[in-house]
Amino acid sequence: MAGQLARWYAARYPPLVPFLVAAFFLTALLYASVGFGGGSTYSALLALAGLDYRLLPILSLCCNILVVGGGTWRFAQAGITPWRKALWVTAIAAPMALLGGLMPIGREAFLIVLGTSLIFTGLTLLLPRRHGESDQPMAVARYMPLIAAPLGFLAGLVGIGGGIFLAPLLYFVRWNSAQAIAATASLFILVNSMFGLVGQLIKRGPDMFGAALSGGLPLLLAVVVGGQIGSLLAVRFLPQNLIRWLTAALTIWVGVRLLL
């Protein structure tokens, strides 16, 4: 496997560096602005570039951690993160993300599960609100921690942080403000990505970590810069409705692209 990855880098990576660096930078900027890490799109870009799908989660999860690590810190510094509620949701999901990371999955199933899930969750954001609808949480909002376990497992299975699954549901039930949901999604992704990465490394072997990152330094630097800019936009400049619609657009676009 390590030899296969080395051959891929030698044959395909150098010509794709400028495109991938730019694409990873923009992905990190846009996703961080809504509290996400961008792992699903990193995986899609690398899959389109021809990287073995079994190695995608390792590099994507590392990018996730770098992006949402900065975002989580920035949200916390701004006093936006609803710590008590966010920690409940995250603590329930994290062990399931580790379990999902350990589960084997084939290439076709990987793309179908990820793409379909993203489209479904993105569509929930497009459901219109009734005129005069209150911003008070729906009654079902208090049960949101119960959905964290299956979302964590699904995130670990496909090698992403899972915030892109969680956030649309939190928006739909009016769980909290848009910025608080973005902050919660950022923390959710950070912890799940760490647990999911452990599962992937146990499944693939620790030597794959160095192999997957050996040619990925420009991509890692790109997401660090893009993620910091995006989280700054989320905290200081973007209105809540724009955050909501950006989330929907990104989620649906990535899901359709993966299925195609």
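Here are some notes on this predicted model, point by point.

1. Ground rules. Residues are numbered from 1 along each chain as its sequence is written, and side-chain values use heavy atoms, with hydrogens and water left out. Since the model is predicted, local features need pLDDT of at least 70 and side-chain atom pairs count only at pLDDT 80 or more, while totals for chains, interfaces and linings use all residues.

2. Confidence. The chain averages a pLDDT (the predictor's confidence in each residue, from 0 to 100) of 79, and 85% of the residues score at least 70. Among the elements, helix α4 (residues 83-102) has the highest mean pLDDT, 90, and helix α1 (residues 2-32) the lowest, 68. Where pLDDT is low, the predicted coordinates should not be read in detail. Helices here are DSSP runs (H or I, at least four residues), numbered from the N terminus.

3. The cysteines. You'll find 0 disulfides in the structure, a disulfide being a pair of cysteine sulfur atoms within 2.5 Å. Why is Cys 62 not bonded to Cys 63? The closest cysteine sulfur to that of Cys 62 is the one in Cys 63, and at 7.1 Å this is too far for a bond. Cys 63 is likewise in no disulfide. Both count as buried (under 20% relative accessible area; exposed is over 50%, partly exposed in between, with a 1.4 Å probe and protein chains only): Cys 62 has a relative accessibility of 11%, and Cys 63 has 0%.

4. A nonpolar surface patch. Met 138, Val 140, Tyr 143, Leu 146 and Phe 172 make up a nonpolar patch with about 480 Å² of accessible area together. Patch members have over 30% relative accessible area and no salt bridge (a side-chain nitrogen of Lys or Arg within 4 Å of a carboxyl oxygen of Asp or Glu); nonpolar side chains (Val, Leu, Ile, Met, Phe, Trp, Tyr) are joined within 5 Å, like charges within 9 Å. Areas come from the Shrake-Rupley method with a 1.4 Å probe, and for residues only the protein chains shown count as cover. Phe 172 sits in helix α7 (residues 163-172) and is partly exposed, at 40%.

5. Arg 174. Look in the loop between α7 and α8 (178-204) for this one. Arg 174 has a positive phi of about 55° without being a glycine. Most residues other than glycine have a negative phi. With 12% relative accessibility, Arg 174 is buried.

6. Gln 136 and Trp 175. Gln 136 lies in the loop between α5 (107-124) and α6 (148-158) and is exposed, at 55% relative accessible area. Its C-alpha atom is 8.1 Å from that of Trp 175, although the two residues are 39 apart along the chain.

Notes
Helices (H or I, at least four residues) and strands (E, at least two) are DSSP runs, numbered from the N terminus.
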